[in-house]
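Student: I'd like to learn how to read a structure like this one at my own pace. Could we go through it feature by feature?

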Amino acid sequence: MISSATPSAPVLVTGAASGIGLACAHRLAAAGHPVALVDRDAGRLAEAAGSFDAAAVSVHAADLTDPAAADAAVAAALDRHGDLGAVVNAAGAVRGGTVVDTTDEDWRWNLDTNVSSAFYVCRPAVAHLVRRGGGAVVNVASLTALRPIPSRAGYAAAKGAVIAFTRQLALEYGPHGVTANTVCPGAIRTPLLAARFAVEPDAERELTERIPLRRMGEPDELAALVHLLVSGACGYLTGQTLSVDGGLSLV
Ligand SMILES: NC(=O)c1ccc[n+]([C@@H]2O[C@H](COP(=O)([O-])OP(=O)(O)OC[C@H]3O[C@@H](n4cnc5c(N)ncnc54)[C@H](O)[C@@H]3O)[C@@H](O)[C@H]2O)c1
């Protein structure tokens, strides 16, 4: 039985047009994995694809809040690469709001964008991993799921659900050789965080002062862990939630 993705198996990465997803795709490609890049932003996806070996990359524009689009993206990636040994769900975004001021629409949007998207991708992708005898799932949640910050009601709930969903995957598909783990970024320097700092000018300095390592993380520092989880080098690790946060979860 294969306990994780074989060293050169293709990997599907969502949120691959930017930030953490793009860094994961670059890490995995550098390690010899063909990569299927999925994102809703077709323009940035096409631009990102230019930084990969054209023979070992495919691009699939899809809004993953739409189950049919997610099914189609997984099917197209399988068609193009002939196999998938792992899936990395990094697609996600934030609409802020306290519990009292979060609208129904924003609540559903956070859940659709951050957890339903991962479910819609995993449903067909994990079925394939089971058919091939094993593989790896890595889902990107957030430190916010473990340590709430103000005004993130819908986002925190959605990322908490990512952790529970991933543990469910690990339990159900462990007997089929599939590992499933959650990675929780702290403050990683990406366009998502830049958008927050644009509206909260003091947030970067205040946050950095609280982080034990006294700096933001770089997307590749997250991608290095994702690669390790995909590689099978620690293939006995499953159902776990790992924070990459410079120690922020300690304070
Ligand atoms: N950067 C951080 O500090 C940080 C902290 C905690 C969690 N995260 C999580 O890490 C993941 C990656 O974030 P990032 O910082 O790289 O952000 P980013 O904005 O740079 O990249 C996220 C990508 O996801 C894509 N995306 C969003 N919704 C989508 C959808 N419905 N369908 C398809 N693609 C979609 C976006 O187009 C974008 O390219 C997200 O899940 C985010 O919640 C990031």
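Tutor: Sure, and let's start with a bit of vocabulary: Ala, Val, Leu, Ile, Met, Phe, Trp, Tyr, Cys and Pro count as nonpolar, Asp, Glu, Lys and Arg as charged, and the others, Gly among them, as polar. With that sorting, the shell around the ligand has 15 nonpolar, nine polar and four charged residues. Keep in mind throughout that this is a predicted model.

Student: How many residues surround the ligand, and which are the closest?

Tutor: A residue is in the shell if one of its heavy atoms lies within 4 Å of the ligand. Here 28 residues surround the ligand, and the closest are Ser18, Ile20, Asp39, Tyr155 and Thr190.

Student: Which backbone atoms make polar contacts with the ligand's oxygen atoms?

Tutor: For a polar contact, look for a pair of N or O atoms within 3.5 Å. A backbone N or O atom of Ile188 sits 2.7 Å from an oxygen atom of the ligand. At Gly186, a polar backbone atom is 3.2 Å from a ligand oxygen. A nitrogen atom of the ligand has a partner too: a backbone N or O atom of Arg40, 3.1 Å away.

Student: And how much of the ligand does the protein cover?

Tutor: On its own the ligand has 820 Å² of accessible area, and the protein covers 95% of that.

Student: Which elements give two or more residues to the shell?

Tutor: Those are helix 1 (19–30), helix 5 (153–173) and helix 6 (191–199). Helix 6 gives the most, with three residues.

Student: Let's move on to aromatic rings. How many aromatic pairs does the structure hold?

Tutor: Two rings pair if their centres lie within 6.5 Å, and then you check the angle between the planes: under 30 degrees is stacked, over 60 is edge-to-face, and the rest are tilted. This structure holds two aromatic pairs. In one of them, the ring centres of Phe119 and Tyr120 are 5.6 Å apart with the planes at 50°, so that pair is tilted.

Student: What about the rings of Phe119 and Phe165?

Tutor: Their centres are 6.1 Å apart and their planes are at 85°, so this pair is edge-to-face. Phe119 belongs to helix 4 (residues 104–132) and Phe165 to helix 5, so the pair ties together parts that are 46 residues apart in sequence. Taken together, Phe119, Tyr120 and Phe165 form one aromatic cluster.

Student: Are those rings buried or exposed?

Tutor: Use relative accessible area: under 20% is buried, over 50% is exposed, and in between is partly exposed. Tyr120 has a relative accessibility of 17%, so Tyr120 counts as buried. Phe165 also comes out at 17%, so Phe165 counts as buried. Phe119 is partly exposed because its relative accessible area is 33%.

Student: Where is Arg132 found, and what does its side chain reach?

Tutor: Arg132 is found in helix 4. Its side chain reaches the backbone oxygen of Gly134 at 2.7 Å. Arg132 counts as buried, because its relative accessibility is 18%.

Student: How many salt bridges are there?

Tutor: The rule asks for a side-chain nitrogen of Lys or Arg within 4 Å of a carboxyl oxygen of Asp or Glu. By this rule the count is 10 salt bridges. One of them joins Glu105 and Arg95, with the closest N and O atoms 3.4 Å apart. Glu105 is in helix 4 and Arg95 in the loop between strand 4 (86–89) and helix 4, 10 residues apart, so this pair links distant parts of the chain.

Student: Are Glu105 and Arg95 exposed or partly exposed?

Tutor: Glu105 counts as exposed, at 53% relative accessibility, while Arg95 counts as partly exposed at 28%.

Student: What is the distance in the salt bridge between Arg189 and Glu204?

Tutor: The closest N and O atoms are 3.5 Å apart. Arg189 is in the loop between strand 6 (178–185) and helix 6, and Glu204 is in helix 7 (residues 203–210), 15 residues apart.

Student: Which salt bridge joins two residues of helix 7?

Tutor: Arg205 and Glu209 meet at 3.6 Å, N to O. They are four residues apart in helix 7, so about one helical turn separates them. Arg205 counts as partly exposed at 47% relative accessibility, and so does Glu209 at 48%. Elsewhere, salt bridges that share partners join Arg95, Glu105 and Asp106 into one network.

Key
Residues are numbered from 1 along each chain as its sequence is written. This is a predicted model: local features need pLDDT of at least 70, side-chain atom pairs count only at pLDDT 80 or more; totals for chains, interfaces and linings use all residues. Side-chain values use heavy atoms; hydrogens and water are left out. A polar contact is a pair of N or O atoms within 3.5 Å; within protein, one must be able to donate a hydrogen and the other to accept it, and residues adjacent in sequence count only if both atoms are side-chain atoms. Accessible areas come from the Shrake-Rupley method with a 1.4 Å probe; for residues, only the protein chains shown count as cover. Rings of Phe, Tyr and Trp (its six-membered ring) pair if their centres lie within 6.5 Å; planes under 30 degrees apart count as stacked, over 60 as edge-to-face and the rest as tilted. Buried means under 20% relative accessible area, exposed over 50%, partly exposed in between (1.4 Å probe, protein chains only).
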